[in-house]
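Me: Please take a close look at one helix in this model and its surroundings. Then work outward to the rest of the chain.

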Amino acid sequence: MRAQAWQKFRPSGRPGRGGPRRAMPVAVAAAVAAAAVTLGVLAPPPASASARPDTVQQGLNALVRTDGFPAALASVKDGKGRTRTFTAGVGDLATGSKVPVDGQVRIGSNTKTFTAVVVLQLVAEGKIDLDAVVDTYLPGLVRGEGIDGSHITVRQLLQHTSGLPDYEGDVYDDILRRRYFEPRDLLDIAFRHKAEFAPGEKWAYSNTNYVVAGLIVQKVTNRPLAEAIEGRIIKPTGLRHTYFPAPGDMGIREAHPKGYRRDAAGGPPRDITELDPSVGWAAGQMTSTNSDLNRFFTALLAGRLLPAAQLAQMRTTVPIEDTGVGYGLGLISRPLSCGGVYWGHGGDIPGYETRGGVTDDGRAANVTVTSLPTDGSEHLDSVVDTALCG
């Protein structure tokens, strides 16, 4: 559920592109492919005479070979709307099966952007006020040591400037045990801790903010959050492979690479594809594909999901330390090595980590790996940068 990119973000240069390669005869190509399989090498298919070594594929191959991720997947859309998909590694370590092209994955904290969009749609409809305090909608619910919902605004929830403590560190083992959580269970866990700071004083990432925001949506609409996200975003945007898992839905519905974790450094990877994502709820429960995420963020930045005034609020950021990264209302801006920024979020949940976003001129890229790195987010960001700057 974390979005770690700001922790070690340093935009890196794009790998250089090589010159044109000569096409290989079919028999030679087949021999090369067979040798690659025998040696366990992740080789891209033979290129045509006009093709160049693809830097995105090279980046995914490095994530598998060098960083040790079981699989890496990407979807890249250029400014003219042309989409390419990439895979590296294996989708199942036990069987060695191929990575499903554009397979479904758990998207973790990208869910926050969906939740924020629904909140801002309700703002546009006059049903929520960004600068109203939480107690306006959920009187008396947000209370604890230094925690008072009568002093925290909806805007501060969406921008992580509320000071609410995060519950994630207390529930990680419960995720692996497939425990089911109600949203208010998550708040009870969070509010065992004191506030991180006074509302509006600084910025600190906390999943708790979005659990509260999701409860506000439900109170205002008198409908489940999942229904609001589906009716307001998923269906209108045509996200055919995106869904908010129902209670008890611990699998992934469509073709997907398996997700893994290591219980100890250097230990064998353990299959944790099936888990109860309720621990993320409005902050990180959803499942999608890289191409659907590209479609979602493209529609959002193009103004197809929010009126101009609310999109402008969403894109108004606060700096995250000295990283060059900014956090808006459920939307993150990150600098590109080729100039400008891209907008997205990113997220992780045990088994999967995703990074990506879109530029103002319509380029889009999302990359997913099938385990959580101990120190690998910078490499994911680098592949996204390569895809958007290439």
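The part I have in mind is H7, and I would like its burial, its cover and its aromatic surroundings described in one connected account.

Reply: This is a predicted model. Start with the whole chain. It has 11 helices and 15 strands. Of its 390 residues, 54% count as buried. Contacts reach far along the sequence: among those between residues at least 6 apart, 68% join residues at least 24 apart.

Now H7 itself. The helix has 15 residues, and at 1.5 Å a residue it should span 21 Å. Its end C-alpha atoms are 22 Å apart, which agrees. Of those 15 residues, 11 are buried, so H7 is largely enclosed by the rest of the structure. The buried set begins with Asn207, Thr208, Asn209 and Tyr210. It continues with Val211, Val212, Ala213, Gly214, Leu215, Ile216 and Val217. After the helix comes Asn222, with a positive phi near 60°.

What covers the buried residues of H7? The cover includes five helices and a strand: H3, H4 (154-159), H5 (168-176), H6, H8 (225-237) and S10. Several of these elements return below.

Take H3 first. Lys112 lies over the face of Tyr210, at 6.0 Å from the ring centre. Tyr210 is one of the buried residues of H7. Lys112 falls within the range of H3, residues 110-124. H3 also carries Phe114, which pairs with Phe296 of helix H9. The two rings are stacked, 3.8 Å centre to centre, with 10° between the planes. Phe114 and Phe296 are 182 residues apart in sequence, so their pair ties together distant parts of the chain. Phe114 is buried at 0% relative accessibility. Phe296 is also buried, at 0%. A third ring joins in: ring pairs link Phe114, Phe296 and Phe297 into a cluster.

Next, S10 and the stretch before H7. Tyr205 and Tyr327 form an edge-to-face pair, 6.4 Å centre to centre, with 70° between the planes. Tyr205 sits in the loop between helix H6 (183-190) and helix H7 (207-221). Tyr327 belongs to strand S10 (residues 326-327). This pair links parts of the chain 122 residues apart. Tyr205 is buried, with a relative accessible area of 15%. Tyr327 is buried at 0%. In total the structure holds 5 aromatic pairs. One further ring has a charge above it: the charged end of Arg253 sits over Tyr243, 3.8 Å from the ring centre.

How does H7 relate to the nonpolar packing? The largest nonpolar core has 78 residues. Phe114, Tyr167, Val212, Leu300 and Met314 touch the most other members. Val212 is a buried residue of H7. Phe114 comes from H3. H3 gives the most to this core, with 8 residues. So H3 recurs throughout this account: it helps to cover H7, holds one ring of the stacked pair and leads in contributions to the core. A second, separate core has 21 residues, including Leu63, Ala74, Tyr342 and Val367.

Helix H9 deserves a further look, since it holds Phe296. Thr298 is found in the same helix, which runs over residues 290-301. At 17% relative accessibility Thr298 counts as buried, the cut-off being under 20%. Beyond its neighbours within four places in sequence, Thr298 is in contact with Lys77, Arg304, Val358 and Ala364.

Last, the covalent link. The chain has 1 disulfide. Cys338 is joined to Cys389, with an S to S distance of 2.0 Å. The torsion about their S-S bond is about -75°, so the disulfide is left-handed. Cys338 lies in the loop between strand S11 (332-335) and strand S12 (341-344). Cys389 lies in helix H11 (residues 377-389). The pair therefore ties together parts that are 51 residues apart in sequence. Burial differs at the two ends. Cys338 is partly exposed, at 38% relative accessible area, whereas Cys389 is buried, at 10%.

To return to the request: H7 is largely enclosed, with 11 of its 15 residues buried. Its cover includes H3 and S10. Its own Val212 is among the residues that touch the most other members of the largest nonpolar core.

Methods. Residues numbered from 1 in each chain as written. Predicted model: local features only at pLDDT ≥ 70, side-chain atom pairs only at ≥ 80, totals over all residues. Heavy atoms only, no water. Disulfide = S-S within 2.5 Å. Helix = DSSP H or I, 4+ residues; strand = E, 2+ residues; numbered from the N terminus. Buried < 20%, exposed > 50% of the residue type's maximum accessible area, 1.4 Å probe, protein only. Contact = heavy atoms within 4.5 Å. Phe/Tyr/Trp six-rings, centres within 6.5 Å; stacked < 30°, edge-to-face > 60°. Lys NZ or Arg CZ within 6 Å of the ring centre and 35° of its normal. Expected span 1.5 Å × (residues − 1). Core = buried A, V, L, I, M, F, W, Y, C linked by side-chain atoms within 4.5 Å.
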